[in-house]
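Thanks, everyone, for making time this morning. I would like to walk you through one structure, starting from its interior and moving out to the strands around it.

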Amino acid sequence: MIKNAPFKSTEFVSLQYKWGVGEVLENSYDSATGEYHYLNAQDSLVKTNVKLRKNDIIYLHNKANELGLWNFPDEIANRGADLTSGKVLRYELQFNYKRKSKKVIIMSDYQDIPKLMSVATQMRTLVADAINDAEERYSKNN
């Protein structure tokens, strides 16, 4: 499956991850630039720069293949859901490759297919953990 995947790790360009509520998602990460913005426990916007290592990228790419990210629908949301709701937590994952990209919007209140929500949650948690681990490494070295 990995060898025949439509997205190849050697063609990886960047990863974007955003989360929050409403139209503008203040929490975001872009692996191309390393820009990492998030609201802390005091609702202050923290802006930092965090780079994922090559092995982090390969790991996330392989997990995306394993979990079938490429087959996810573009929107994992209840029928008729407001994707910019100020009340429902929304996550956006985008994997960019030289010839293609895959973007998935995940609404936290999705209920239609529990297995799909479970796998989507696992994928976004892996991405968030990789970013947080990279930030921890960065802060220990500075």
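**The core and its strands**

The largest nonpolar core here has 36 residues, and those with the most contacts inside it are L60, I76, F95, M123 and V127; by such a core I mean a set of buried Ala, Val, Leu, Ile, Met, Phe, Trp, Tyr and Cys residues joined through side-chain atoms within 4.5 Å, where buried is under 20% relative accessible area, exposed over 50% and partly exposed in between, with a 1.4 Å probe and protein chains only. The largest share of this core, 11 residues, comes from α2; helices (H or I, at least four residues) and strands (E, at least two) are DSSP runs, numbered from the N terminus.

Please keep in mind that this is a predicted model, in which local features need pLDDT of at least 70 and side-chain atom pairs count only at pLDDT 80 or more, while totals for chains, interfaces and linings use all residues. Residues are numbered from 1 along each chain as its sequence is written, and side-chain values use heavy atoms, with hydrogens and water left out.

A second, separate core of 5 residues includes A77, L83, I105 and M107.

Now, how many residues of strand β7 are buried? In β7, which spans residues 101–107, 5 of the 7 residues are buried, and the strand is mostly covered. Strand β6 runs antiparallel to β7, joined by 7 bridges (two strands pair if DSSP finds at least two bridges between them), and the two form a hairpin with 3 residues between them. On the β7 side, I105 stands opposite E92 and also opposite E75.
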